[in-house]
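Reader: I would like a close look at one part of this model, namely the small open sheet and how its strands are joined. Please take the strand pairing step by step, and then place chain B in its wider setting.

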Amino acid sequence: MGESVVFIDNERCDFCGTCVGVCPADAIELRESSIAVDKERCTLCGDCVDVCPLGIPEVVE
Amino acid sequence: MKDRYDVIVVGGGPGGARAAKHAAEKGASVLLLEKDREIGIPVRCAEGVSESGLRRVVEVKDRWIAQVIKGARLVSPDGTVVESYPDEVGFILHRKLFDYDLAVAASQAGTEVVTKAYVQGLTMDDGVVTGVRMTHMGRARRISGSVVIGADGVESRVGRWAGLETRTPFGEVETCVQMTLAGIDVDPEVVELHFGRQIAPGGYLWIFPKGRRTANVGLGISGVYSREKKPLIYLKEFVERRFPGASVLTMIAGGVPAVPTLKKIVTDGLMLVGDAARQVDPLTGGGIVNAMLAGRIAGRVAAEAVQEGDVSTRRLSAYTKEWSKVDGKNNKISYKIKKVVGRLSDEDLNRAARVLLDVPPEKRTALRVFKAVFLRHPKLIVEVSKLFV
């Protein structure tokens with residue numbers, strides 16, 4: 001069993017930042033055209049997955 | 001870029017640009033930082049604003065106006081159409097030009113504007129914010145600022161870094177997607193708003209014309225519903241039905257923090273403005289005018305505080321007080337109405353639409369809508385009465 005992480009595909013993301021505003025762990029780094037989840041901070045709560053207008057973030061192993 | 005400024009504004013949208021302009025006009029040295037390469041791009045907005053609201057905050061330039069709006073067509077879940085032609089005119093803006101000109105105005109007032117400037121943290125001294133940590137052109141920098149103004153949008157992190165509670169619960173976010181369509185046929189002076197569980201649950205769909213052949217067509221749904229079905233899917237379904245064969249000139253995603261303004265929007269050496277402070281109207285999702293009103297107050301207070309050498313929470317709270325005088329009450333009522341409206345069923349909305357058809361178009365105000373729904377819906381009267389106590 002691998003470790004679960006939230007993966008945000010930079011090829012499909014619109015970089016709108018909606019997930020950043022809801023993340024309870026302040027774990028999402030958004031720049032002009034890149035986004036990354038800090039897996040040390042991420043608690044895998046799934047709020048970013050729920051709120052994304054496009055359905056980009058996913059929990060993967 | 002220098003190593004220190006009186007005021008550092010993070011975020012180059014309308015709130016940030018106004019804060020910068022007004023602080024600079026009061027004599028402060030001001031740095032405005034924008035993470036994207038160009039002010040105003042990408043647009044993350046439906047671009048609608050009321051004429052009276054806009055004139056409250058700025059002298060309006062013709063080049064900002066993509067379309068003058070004279071009426072609204074409200075469409076209920078069963079397709080009942082209610083037209084409304086209030087006294088008030090609205091505008092659909094060219095936000096690219098609007099934001100650009102506001103940044104130019106800030107610059108002309110003496111602000112130094114820097115783009116592609118990514119702020120990644122604050123510098124603090126004994127709990128007081130003293131500046132920002134940032135990267136610009138591949139170079140890490142620390143810039144000192146007596147006051148930092150966070151105007152960094154729905155994705156704001158500046159407040160959190162200073163210890164303010166700014167997170168919006170996902171169920172309170174309106175999660176949105178919008179396509180700018182071309183090759184369509186719309187009535188250019190009328191916006192359309194569509195309601196219903198199948199169209200945009202916990203929100204609404206908008207058609208904001210920009211001329212006769214193009215429009216911003218988008219929707220926002222409550223974060224509560226976006227787990228099961230994404231806004232993008234709702235929008236694609238609508239567009240395929242209503243505008244088959246349309247060209248999609250651009251598509252954007254975005255979120256509106258549809259909550260009351262944060263209780264704490266200042267702390268030692270720091271202020272929050274606009275979406276970062278959650279100053280958007282929670283019912284309509286409109287945020288431009290509020291952000292600019294707040295930016296004006298925040299910029300002035302910041303400059304005065306710096307001149308007096310007191311950037312404490314207590315001094316900066318003059319901004320909080322002034323803001324609650326200007327819009328605090330509207331914001332709270334709007335939020336309460338949003339909560340009640342969110343509980344309306346499709347049947348309630350259909351009923352409201354039918355009642356409204358009996359009212360002359362110029363008298364179809366929000367108040368009438370409420371009467372129409374609630375006078376026939378006793379269980380909601382209790383909820384509504386809470387709005388006015």
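Author: Two strands are taken to pair if DSSP finds at least two bridges between them. In this predicted model, β3(B) and strand β7 (residues 90–93) of chain B are joined by three bridges and run antiparallel. Within this pair, Gly48(B) stands opposite Ile92(B) of β7(B). The open sheet is formed by three strands of chain B in the order β3-β7-β4, with antiparallel pairing. Its edge strands are β3 (48–50) and β4 (65–69) of chain B, each of which pairs on one side only. On average, and with direction ignored, neighbouring strands of this sheet are turned by 30° against each other. In general, strands of a sheet pair through backbone hydrogen bonds, in either a parallel or an antiparallel manner.

As for the wider setting, the domain assignment divides chain B into domain 1 (4–44 + 96–169 + 259–329), domain 2 (69–88 + 170–257) and domain 3 (340–387). Between domain 2 and domain 3 of chain B, 15 residues of the former are in contact with twelve residues of the latter. On the domain 2 side of that contact, strand β6 (residues 81–84) of chain B gives the most, with three residues, and the residues of this side divide into six nonpolar, six polar and three charged.

Chain B also meets chain A, where 18 residues of chain A are in contact with 31 residues of chain B. The largest share of the chain A side, four residues, comes from α1(A), and that side comprises eight nonpolar, four polar and six charged residues.

Note on methods
Residues numbered from 1 in each chain as written. Chains lettered and ligands numbered in written order. Predicted model: local features only at pLDDT ≥ 70, side-chain atom pairs only at ≥ 80, totals over all residues. Contact = placed C-beta atoms within 7 Å. Helix = DSSP H or I, 4+ residues; strand = E, 2+ residues; numbered from the N terminus. Nonpolar A, V, L, I, M, F, W, Y, C, P; charged D, E, K, R; others polar. Domains from an automatic or database assignment. Axes fitted to C-alpha atoms, helices over the stretch in contact; angles between N-to-C directions.
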